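Subject: Structure for you to look at

Dear colleague,

I am passing on the structure we spoke about, with the sequence alongside. Please open it before you read on, and keep it in view while you go through the notes underneath.

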Amino acid sequence: MVSERVDVYSSSDEEEGTTFTNAIKTAIITNGVSNGESENDEKKTGTPEEPIEIGMQCGLKNLYSGKEDKRGRFQWQDKIPEDVGKPAEDAETAKWALLVRNVKVYNDPRKVLAIHSIVVQSPLLKKLLEDVLKDYPGVTVGLQRLEFSGKFEPIIHRWSQLKDAISNIGDETEDQRKTKEHAELFYNLLKSEFKNLIDASQDMMSKGVMTYEYLWTLFQPGATVYARQDGQETAMKLHETKYGQDRNGNPCFWLTCKYVDWDGAKFGTNKLNLSIPAYSGTRSITQLAVYPIDYHHDKDALRTRLVERGAKAESLAGSHYKSYNGIGWKRGAFGTKDKYNIKSRIVIDTYGWNRFNPSFAIFVTPLNQKDPVAGGTSSGNGDDGEDEDTYDDGDENDGGMPIDGQFADEDNESQRIPLTTDQKLICTPLLRGYSLKNKLWLNFFVNCVKEIEWQTGAFDSLVLPSNQKDLILGFTESQRKYKESFDDVIEGKGKGIILLLCGPPGVGKTLTAESVAEEMRVPLYMMSAGDLGLDPRNVETKLQNILEMCTKWNAILLLDEADVFLEQRSLHELERNKLVSIFLRILEYYEGIMFLTTNRVNTFDPAFQSRIHISLDYPELSIDSRRLVWKNFLAASQQANTISSRQLDQLSLMNMNGRQIKNVLKTAQLLASRKEADLSYDHVMTVLDVTQHLHNSTQENERTRASIFC
């Protein structure tokens with residue numbers, strides 16, 4: 001039973017079986033019978049109506065939009081509008097090879113109609129266009145309904161290929177003759193419509209110039225384009241183009257390009273938006289900010305250079321310890337490029353870049369070997385474009401982040417699929433890494449990366465007893481090879497090794513760590529108080545990051561003047577106690593090699609003693625040691641000297657440390673160069689006489705504090 005009552009406003013006008021409300025008749029329906037009906041009505045119809053069952057009638061009921069008002073609103077109705085005609089496309093139109101839709105043209109005295117779109121229905125013509133439009137982005141010729149509209153970009157860009165394909169059609173079979181007939185019909189139709197555009201565009205291309213309005217005819221999607229980014233030659237695959245505006249609202253021509261990049265685990269493609277500002281008249285194609293690489297004056301040599309650079313970038317994928325001489329840059333707080341002049345050793349590590357710079361992490365779309373730049377796009381960090389954030393192509397899959405939000409692990413280099421020549425050509429000129437001298441994560445240029453010139457004689461020049469040198473080197477090399485063979489009760493704890501080097505200044509403590517790193521050919525990370533700061537909230541995070549980086553790179557960590565952070569805790573200095581406790585806890589989980597140097601070992605907190613594996617005492621230099629230091633510095637100098645062996649013996653009798661000897665020799669060499677003479681004993685003595693008061697004061701202080709050295 002379905003009961004429905006419609007009440008609007010109450011009224012005093014009532015009749016039996018019928019209710020009038022504001023002049024509207026309201027009925028109560030019970031079992032399909034209105035109580036407003038009389039018994040005579042039931043007799044006329046015979047039996048009462050069956051109950052209404054909602055949604056159970058098999059069939060459909062069409063409703064149509066009624067006449068719209070001024071605001072575009074309408075009511076639904078069950079009658080077909082009177083102004084509806086028959087569809088333009090039916091069985092009659094389906095038999096034609098082409099359907100051409102035309103629209104009226106205004107403000108053009110030369111014509112009154114223009115082609116709006118063309119529907120290709122001929123299967124023979126579709127088969128021909130499959131080869132002509134092969135790999136053209138956004139066009140699938142095999143669809144049942146193939147339609148071209150707008151500026152007909154695919155056809156205009158492949159106009160020469162279309163002409164060649166038509167001319168190559170034979171006349172042997174009926175299908176070939178029919179195909180040629182349909183193709184010539186299609187070609188002549190387009191030629192009559194776009195003759196002026198095609199002729200003007202090809203004429204300008206032949207003369208090496210182009211107007212702003214016809215730029216779209218120059219850039220064919222899928223073509224290789226050339227641009228200079230940060231002074232670097234760059235080739236990219238063009239994905240799409242459009243006219244638009246830059247961030248200042250000025251008209252420009254946007255180009256979305258694809259290039260190959262490394263995200264720390266795999267090679268893939270990334271996108272970059274470039275723009276050409278609007279200009280008047282014609283402009284040389286090679287003067288454009290971006291132009292097809294085929295218009296370069298020396299395209300073959302350019303391709304060779306870019307492929308070689310791509311091969312070098314491929315070889316540097318992963319983690320590598322290299323030398324660098326050039327510009328490095330990173331994004332500033334306001335999106336600017338902060339540039340640094342780098343002339344030091346770096347660690348190339350994109351995985352570490354993503355780990356420690358998640359805001360600028362690199363994410364790529366995995367390579368498709370058939371089409372290296374097709375498919376979805378990935379945002380990356382937009383390294384090369386100044387205005388890349390002002391235009392979005394609306395790609396819903398262009399999120400950049402991986403689906404699970406995790407960083408992929410680094411692949412085994414032997415399992416990595418090598419890049420093709422075309423992929424090397426469009427490989428990025430940028431590498432991401434860490435400058436060990438500047439302590440910064442930066443973008444580096446591939447061509448500025450060089451091999452390290454190792455200081456092979458550094459460890460041999462170290463003035464230490466031979467058994468002590470063998471112990472240090474053997475200990476560190478074995479630790480690097482077999483660090484996984486020993487573990488604590490708690491996993492990951494106690495795998496590292498900590499060496500304490502204590503002694504007076506200038507006896508070779510820091511040089512020991514530096515020479516060991518040179519001998520082992522591993523990075524040396526020199527950590528100081530300035531790298532960590534004094535705020536306990538930041539010290540722990542920075543220290544953990546540094547230790548993680550050193551472990552990943554198999555680097556040697558040198559904490560020079562370690563007493564700053566390892567000083568004994570007291571009852572009154574709570575902030576210092578926090579720093580010491582942080583070091584005590586974090587050093588326990590370090591898995592690499594750490595050198596601590598100090599000349600105040602008596603101030604160390606007792607808790608550090610159990611965490612130090614080897615402690616080496618560096619006594620003051622003996623006479624023989626000082627003579628060897630003098631000899632090594634003189635031999636390493638490029639300046640000729642006349643110092644005899646006897647004079648060398650006399651110099652070794654002076655109580656000086658290695659740093660003081662180096663400073664005296666450097667000053668004496670400057671004095672000799674000023675006089676344009678070879679370095680002599682007299683030059684050295686002149687410098688010693690001038691600086692004698694400083695050495696005397698230093699020696700007095702050393703004798704006063706001699707008892708505190710270990």
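Below is what was found, going from the whole protein to a few selected parts.

Please bear in mind throughout that this is a predicted model. The protein has 710 residues, of which 42% count as buried, and its secondary structure comes to 20 helices and 28 strands. Among contacts between residues at least 6 apart in sequence, 65% join residues at least 24 apart. The accessible surface is about 40500 Å², and carbon and sulfur atoms account for 49% of that area.

The first part to look at is a sheet of three strands, which is open and antiparallel, with the strands in the order E8-E9-E10. Strand E8 (98-104) and strand E10 (146-149) stand at the edges, and because each has a single partner strand, one side of each is left without a neighbour in the sheet. On average, neighbouring strands here are turned by 25° against each other, if direction is ignored. Between E9, which covers residues 113-120, and E10 the antiparallel pairing extends over four bridges, and Val120 stands opposite Leu146 of E10. Helix H5, made of residues 174-206, lies across E8, E9 and E10, and runs at about 155° to E9.

Further along the chain, you will find strands E12, E13 and E14, which are linked by two hairpins. Strand E12 (residues 224-229) pairs with strand E13 (residues 232-245) in the antiparallel sense over six bridges, and Thr224 has Lys237 in E13 as its bridge partner. Two residues lie between E12 and E13 in their hairpin, where Asp230 in the turn has a positive phi of about 55°. E13 is also joined to strand E14 (residues 251-262), again in an antiparallel arrangement, by eight bridges, and here Gly244 has Cys252 in E14 as its bridge partner. The hairpin of E13 and E14 has five residues between the strands, and Gly249 takes a positive phi near 85° there.

Finally, on the surface, Leu63, Phe74 and Trp76 make a nonpolar patch of about 350 Å². Leu63 is placed in the loop between helix H1 (39-45) and strand E6 (64-65).

With best wishes

Definitions and conventions: Residues are numbered from 1 along each chain as its sequence is written. This is a predicted model: local features need pLDDT of at least 70, side-chain atom pairs count only at pLDDT 80 or more; totals for chains, interfaces and linings use all residues. Side-chain values use heavy atoms; hydrogens and water are left out. Two strands pair if DSSP finds at least two bridges between them. Axes are lines fitted to C-alpha atoms, for helices over the stretch in contact, and angles run from 0 to 180 degrees between N-to-C directions. Contact means heavy atoms within 4.5 Å. Patches are made of residues with over 30% relative accessible area and no salt bridge: like charges are joined within 9 Å, nonpolar side chains (Val, Leu, Ile, Met, Phe, Trp, Tyr) within 5 Å. Accessible areas come from the Shrake-Rupley method with a 1.4 Å probe; for residues, only the protein chains shown count as cover. A salt bridge is a side-chain nitrogen of Lys or Arg within 4 Å of a carboxyl oxygen of Asp or Glu. Buried means under 20% relative accessible area, exposed over 50%, partly exposed in between (1.4 Å probe, protein chains only).
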